[in-house]
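Work through the exercises below with the structure open beside you, and try each task before reading its solution.

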Amino acid sequence: MIWLTWRQMRAQTLWTAGVVAAVAAYLLYLAADIRDAYRVNITDCTTACEEAAHTLADQFGSGLLLIGVLLLAAPALIGAFWAVPLITRELETGTHRLVWSQSVTRTRWLAVKLALVGGVSVLFTGALSLLLTWAAGPFDKVVDSRFEPLTFAARDLAPFGYALLAFTLGLVVGVLARKTLVAMAVTLLVFVVFQLVMANVLRPHFAEPVTETIAWADANTVGQIDSFGIGPAGAGIQEYKIPGAWVISGYIAVDKGDGTEVTGADIEACETQGGTPDDCMIAMDATFDVTYQPADRYWDFQWIEFGIAAGLAAILAGVAFWRLPRGLN
Amino acid sequence: MIDFHLEPRSGVAPYMQLVHQVQQALRLGMLDVGDQLPTVKQVVAKIAINPNTVLKAYRELERQGLVAPQPGRGTFVTATLADASLDAHAELGTALQQWIATARAAGLDDAAIRALFDTTIRKAPR
Amino acid sequence: MNTPVLRADTLTKRYGKHTALTEATLDIPAGRIVGLVGPNGAGKSTLLALAAGLIRPTSGHIEVLGRTPAADSAALADVGFVAQDTPVYAGLSVDDHLKLGEHLNPTWDGAFARDRIAQLGLDPAKKAGRLSGGQKAQLALTIAAAKRPRLLIFDEPVAALDPLARRAFLQNLMELVAELDVSVILSSHLIGDVERVCDHLIVLAESRVQVAGDIDDLLAAHHRVVGPRGTLDTLPDGVQVIAADHTDRQTTLIVHNTTGRPLDLPGADTIGLEDMVLTYLHRAEGIGTPTLQETRA
């Protein structure tokens, strides 16, 4: 069965390995680039070092994000294009009637396919994840945004879990739907929905987030105000960043010292007095509340995410095994 | 070696057809005492018929005393269709001619005679 | 070999509203070549798939070689199955298919398989997708037989083959049966082939078993009875009328003699296998009642 599975997957595996190798090569090249830039802009920095750090972030930010997105897409693609056809191609060409009359039970047939092809797909995805994490190391040190949703899902352990889940999902959908195109579409859809639900609904609640009131004066020591809007409606922070932490609050309204919100009138009064908006806010004893997951919870969350994905994968695999020997038409 | 063939629509049971073909071959001298009959495997590979049919035919030939199996070596002819039976043929042929004459005199045509013969031989006890 | 190769007890298979097989009860002894005949959609493929363990019954019971079909590796090793359209892996070569057999079957006889492939003149390097229909059938037969099973099951193996390929397949199959001493169940709608090759018959129509038994016994027990109209209205006990045709002067009956004794009825004659089968198929179409046809002379 091992021989047959390999023989059936040979072309696809080699071709994918080529792609993986190309991506890996690029990551190695990127890693060298980042380390070089890090040395120039951070380590050996003598003047305007904060700006230099920003330059580093800008230079590599989008590139790493792109690879991260690819790494997110990879499990979905693997589930759809590897796992689904493992089942549905046999069913559609009728070869299941040949292979299931040999002396292997259907359970063994599925188990070997799952272990072998699933294993290889997890390996490929996992290897790229580890490589990306290592390559982005210096960058992550500077930008420290690895807990952010898009990055979190593409670093360290999480992609291993997703690969496992996407693969077993593809298998089960293949067993139940039996038609290649339908199964592929369903697999992609379900997996995308899963990612969205995890990031927006479940992950924020793995642990009770921390809510902290921050005085305006300390705003840029605790974290960093990325963008801040001030106008007739009042004052609000569009994006607040805490290094290494995952800020869940979106738009944050700024309060005055007495607890009421800063109003448009307050802003106008401020502008007539002159001075920077910053001075204004400090004068008003402005504060704001930030809800976030602290940086030290990163690895706990990675393990929980992996655990959930792996647990779901196990359940799905169970469904596939239960459904299969019961006599497909 | 003898080559068999099957006539599916002859109305004669397949195994009997094989028996007749061996008997005919013996009469015509195509088979002689000591000759080997083809193995079951050889026969069915040539004419796609059930191996049991061949076994049945060979058993019938053995029952008639015409062949005998030699374990591990095959089935061999042990007797020809001897003159004794040829004599019987001549006698029977004469009796048959007389009977046919009687039947024709009674008004039966050839087809009626054949029909009567077929029905009678089928009902006749072995 | 005393275990029946197949035993079924009120075996039924339903797909949603459609019943493919209804309460089939069968007892097929070992050492036979069984012909399964019937029109398309009668339930032949369903019965064979149940016997091969590819599908499970909706209700009722089936046992092959004394075991639940495809229960485990040993049960699978004992039964060779070739599905309709002889599926093969189009992208794998003939030799790859032999390797497949070797890896997936502990009882595989590699020398036997290679010999047969050579004898058949198949090019081991040729991709299976490029073989002709006849060659594919021969390859499938070799793969099924090389694990030395006790039972071979074929679903319409020659339906799509030209007469030459058909004859070649049957020759090959008979040679295998002679060599391996294996029981065979094959479905066909060519009664001529069944007559040549089979010694046991199952007639399937309208999802039911119409008649089953050793062909010699069935032919001995079925008769065509011709007589003047009105003289055949009462028959001895145990003689069942399967079909009846009447003109104004003549009655023709097809009867099944279940008495166990030879039939002594004037006007009774033998009936050929094809006519016997067709009679049962006609009867099935008429939903179980004997066909009564008034023909104006």
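**Exercise 1.** Find in which order the 6 strands of the open sheet in chain C lie, and which strands form its edges.

*Solution.* Begin with the order, which is β5-β6-β7-β3-β8-β9 (chain C) with mixed pairing, where strands are DSSP runs of E of at least two residues, numbered from the N terminus, and two of them pair if DSSP finds at least two bridges between them. Next look for strands that pair on one side only, and you reach β5 (79–82) and β9 (208–214) of chain C. Finally, follow β8 (residues 200–205) of chain C, which pairs with β9(C) in the antiparallel sense over 6 bridges; L204(C) has V209(C) as its bridge partner in β9(C).

The model is predicted, so local features need pLDDT of at least 70 and side-chain atom pairs pLDDT 80 or more, whereas totals for chains, interfaces and linings use all residues. Residues are numbered from 1 along each chain as its sequence is written, chains are lettered from A and ligands numbered from 1 in the order written, and side-chain values use heavy atoms, without hydrogens and water.

**Exercise 2.** Determine which element gives the largest share of the side of chain C that touches chain B, and find a salt bridge across the interface.

*Solution.* First count the residues in contact (heavy atoms within 4.5 Å): 18 of chain C meet 16 of chain B. Then turn to the salt bridges (a side-chain nitrogen of Lys or Arg within 4 Å of a carboxyl oxygen of Asp or Glu), of which there are 3, including that of E179(C) with K41(B), whose closest N and O atoms are 2.8 Å apart. Lastly, the largest share, 8 residues, comes from α6(C).

How values were computed: Helices (H or I, at least four residues) and strands (E, at least two) are DSSP runs, numbered from the N terminus.
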